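Grab a pencil and work through these exercises with the structure open beside you. Try each task yourself before you read its solution.

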Amino acid sequence: MDAHPPITPQQILAARAAIDPVFLDSPAMSHGALDDALGCACLLKVETLNPIRSFKGRGTEAVVAALEPRPDAVVATSSGNFGQGLARAAARRGIAATILAPAWANPLKLEAMRRLGATVRLADPEDGAGKDLARRIAAETGALFIEDGGHPVISAGAGTIAQELAGHEFDDVIVQIGDGALATGIGSWFKAHAPEVRIVGVVARGAPAMAQSFAAGRAIDTPGTDTIADGMAISRPVPSAVAQLRACVDEILLVDDDAILEAARLLLRTAGVMAEPSGAAGLAAVLTNRDRFAGRRVATVITGSNLDAGFQARLLGG
């Protein structure tokens, strides 16, 4: 696999200028009780207080704003949060959006995508989690296919999260990996401005394709996924995303669903912040690797709070 350079700070700053300010300057907070429970100093970047309750609005705003010429329609695949961001960004600019979502997607996320103006279609497994079908729809209708993780502007939009952390000092930044855009954007900023900071990616054990691909240096598909973290349920990595991750991520840790649930409960109990499974995965990595992070200064992103009813019941029931 050919090497891909990290996203540049200039690309990240350009993306910031294009993003709706409602997604920018999210809270960065810590809590003593959380630090005590984790055994380290942990800064939380909370990306849930915006119109789609996730960080995905940054990248989708940036990429739709950058489209030239502006298409009449876009097509994408998403389990929910990327689709919400794309639907909103497209609607703001008079662009029609069609989202291909897996049948197992969170019903609340499907409803939100429709509410934001997208046409939502459920994709059968034989359609490659929707990407094959999305490409056919784009080719047949003249729409533009936008692949999360496959466009550097999306990663640059996510990288604005790291830019907002200037002034804080860390030993480790722990970043969830789904399609890879978040880790690529954040990792690229820190590699340019604070290369001594270790960028730690987190992958769900029940969706190991990105971890296997990272280790092998090439995209490796898996038959499917089995995790409560729907935002990290990737079975077909984008080859360029794997190359980007290898340019700016130092290591990848695996977390299981029990640790994710424990982390979400800990986050709610201590800091009063509610997270969907993917949003709590960074904290789950700390809980699973206490000795690795003991006494260190870490930061992680609470990436979203679009909980389905089942996970919310488990979260509050514990």
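**Exercise 1. Trace the sheet: in what order do its strands lie, and which strands are at the edges?**

Solution. Keep in mind that you're looking at a predicted model.
- Step 1: Walk across the open sheet of 6 strands and you get the order S1-S2-S10-S7-S8-S9, with mixed pairing.
- Step 2: Now look for strands that pair on one side only: these are strand S1 (28-29) and strand S9 (251-255), the edge strands.
- Step 3: At the S9 edge, helix H9 (residues 209-216) packs on the sheet and touches S8 and S9, with its direction at about 155° to that of S9.

**Exercise 2. Find the partners of S10: in what sense do S2 and S7 pair with S10, and over how many bridges?**

Solution.
- Step 1: Strand S2 (residues 41-46) pairs with S10 in the parallel sense, over 6 bridges.
- Step 2: S7 and S10 are parallel too, with 3 bridges.
- Step 3: Zoom in on Thr-300 in S10: Leu-44 stands opposite this residue, and so does Ile-174.
- Step 4: Check how covered S10 is: 5 of its 6 residues are buried.

**Exercise 3. Explore the largest nonpolar core: which residues touch the most other members, and which element gives the largest share?**

Solution.
- Step 1: This core holds 40 residues, and Phe-170, Val-173, Ile-186, Phe-190 and Val-249 touch the most other members.
- Step 2: Several elements give two or more residues to the core, including helix H1 (9-18), strand S7 (172-176) and helix H8 (181-193). The largest share, 5 residues, comes from H8.
- Step 3: Pick Val-173 and skip its neighbours within four places in sequence; its contacts then include Ile-186, Phe-190, Ile-199 and Ala-299.
- Step 4: Don't mix this core up with another one lying apart from it, which has 38 residues, among them Met-232 and Leu-253.

**Exercise 4. Classify the pair of rings: why is the pair of Phe-170 and Phe-190 edge-to-face?**

Solution.
- Step 1: There's 1 aromatic pair to look at.
- Step 2: The ring centres of Phe-170 and Phe-190 are 6.1 Å apart, and the cut-off for a pair is within 6.5 Å.
- Step 3: Their planes meet at 70°, and over 60 degrees counts as edge-to-face, so that's the label for this pair.
- Step 4: Phe-170 sits in the loop between H7 and S7, while Phe-190 is in helix H8, 20 residues apart.
- Step 5: Are these two residues buried or exposed? Buried means under 20% relative accessible area, so Phe-170 at 8% is buried, and so is Phe-190 at 6%.

Terms used: Residues are numbered from 1 along each chain as its sequence is written. This is a predicted model: local features need pLDDT of at least 70, side-chain atom pairs count only at pLDDT 80 or more; totals for chains, interfaces and linings use all residues. Side-chain values use heavy atoms; hydrogens and water are left out. Two strands pair if DSSP finds at least two bridges between them. Helices (H or I, at least four residues) and strands (E, at least two) are DSSP runs, numbered from the N terminus. Contact means heavy atoms within 4.5 Å. Axes are lines fitted to C-alpha atoms, for helices over the stretch in contact, and angles run from 0 to 180 degrees between N-to-C directions. A nonpolar core is a set of buried Ala, Val, Leu, Ile, Met, Phe, Trp, Tyr and Cys residues joined through side-chain atoms within 4.5 Å. Buried means under 20% relative accessible area, exposed over 50%, partly exposed in between (1.4 Å probe, protein chains only). Rings of Phe, Tyr and Trp (its six-membered ring) pair if their centres lie within 6.5 Å; planes under 30 degrees apart count as stacked, over 60 as edge-to-face and the rest as tilted.
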